[in-house]
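Visitor: I am new to this structure and should be grateful for a close look at a single part of the surface. Please then relate that part to the rest of the model.

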Amino acid sequence: MNSEPIGRRRIARGPASGSPIRVMLQSKPATTDALEVPAATGGQDVSVMFATLAGMAGLTLLIQGLLAYMLLPEGRGAYAVCIAFGTLLGLLLTPGAQQGAQYFVAARRMSVSQGVSSALIICFAGGGLAAALAVPVIYGGLAFFQKAEPHTFLLSLALVPLTAVSIALDHQLVALRRFGRLAVFSLLRVAANALTLLALVRVLGLGVDGAVIAFAAGHGLMIAACLLYLRRHCGLAFEMPARSNIGRVLGYGLKYHAARLGNAIEPHFGVVILGLIASQGEIGLFAAASALMLGFMLVSNAVGNALFPRVAGAERVEMVALCLRLVCVGTAIPMLVLLALSAPLVRLLLSEAFLPVVPLLWIIAPGMLAYAVSAILMTHFKGANRPLICSWAVFLGLCANLGALLLLYPRLGVEAAAWGMTIGMVCGWSFLSIAFHRATRTSLPAVWLPRRSDARFLWAAGRSALSGGSSAAYAQIEKEQESR
């Protein structure tokens, strides 16, 4: 048997220079350093992400309040359609730039440099194509593009590359389990958005244009901070990605692309459809209601971000089931509190003009709970390299959403968008749940019924997070969960 080191045999077999093999080997030392898992428990990761998202939720509420008071329902509607247009167009033409690159880096099948460079190439190519296709459409006379000024839609095209790259780099930090840095950068992004919004809209009076520029400014700061950190601490080197790596990223991305796009569209789908059939005021009301309810994704996003690196390339059914139960309870309780106080809270946060959103919140609530749980199920299927299931679930949900909205709008008006949102999200969750139980051969009680061990896990995780990871009890519990 040949005892020659594996690395030498690979170098000897690779081409002399300029080959993908050599490029990968040159960046491998930096990649190895970057992928050393930080000494943090799952409880700490969740705690960091939860604290981050809680801070972001607070700043987001501030932004929603500023938008409501400064733009009123009509301006809020114009802002919503422009943001939906810019962000969704970017995601439409950048398959794999986020989840594809994240999966291969998290699973240690690609270097950080190759993962990031592949994502950037896809984002820039997709962004350029999006801008070229969008300009004639904006002036095409569609009802959707009459809900804001043409120059505002043109301004929103800057969001195409900015949001795509920003989200891709966010996903890379998750893949590397750099949750602390992601926390700081995410808070900086939302804070920059809020401060720029105040300066441009409140002080300079730029209206909807200023609000769009403020949104772009936050993502620009996020990109700069992420690139600088990855270069200094994760061995990021700007190199041309190998064609094989771009192909792998695109291959994974195309399987998941329908789900990725659907996940991005789903919260904005009502805005997009209302943009074709409703007034600016109705769009503004629904956009405000859906934005408030999306804040309840806080627990799901925190748990999902901490879960993905642990299930990428490995199936851990017990851990996923635990996360499903925790997210379900952790989302439902604060949601019930908000609904009980919805009228005074809306009056305080959004002003009297937005009081019609209160019934919309009640309608959206069940769907949002299903959406939060669906995100964990999707994390499982993404980690198991089965993203096509996520795509089918999202497609089913969007079809149900569209059908319900169009059927109910003549009778219910803007409430039809809320019902469509809930029906679509519940349908998507049902499909994912059935697929999960069939794939893992688990029973409903085994996954969804609360256990005493859940409380024990939470208690130990909280103690571990507060003690800086020194809790031996939690380390043992997490080890047991990861081994199942």
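Guide: Leu155, Val203, Leu204, Leu206 and Ile213 together form a nonpolar surface patch of about 430 Å². Patches consist of residues with over 30% relative accessible area and no salt bridge (a side-chain nitrogen of Lys or Arg within 4 Å of a carboxyl oxygen of Asp or Glu); nonpolar side chains (Val, Leu, Ile, Met, Phe, Trp, Tyr) are joined within 5 Å, like charges within 9 Å. Accessible areas come from the Shrake-Rupley method with a 1.4 Å probe, and for residues only the protein chains shown count as cover.

The model is predicted: local features need pLDDT of at least 70, side-chain atom pairs count only at pLDDT 80 or more, and totals for chains, interfaces and linings use all residues. Residues are numbered from 1 along each chain as its sequence is written, and side-chain values use heavy atoms, leaving out hydrogens and water.

Within the patch, Ile213 counts as partly exposed because its relative accessibility is 35%; partly exposed lies between buried, under 20%, and exposed, over 50%. Ile213 lies in helix α9 (residues 207–233), helices being DSSP runs (H or I, at least four residues) numbered from the N terminus.

In the protein chain, confidence is highest in α9, at a mean of 93, and lowest in helix α1 (residues 6–13), at 36; pLDDT is the predictor's confidence in each residue, from 0 to 100. The chain averages a pLDDT of 80, and 82% of its residues score at least 70. Over residues 468–484 the pLDDT is below 50.

Conventions
Helix = DSSP H or I, 4+ residues; strand = E, 2+ residues; numbered from the N terminus. Buried < 20%, exposed > 50% of the residue type's maximum accessible area, 1.4 Å probe, protein only. Contact = heavy atoms within 4.5 Å.
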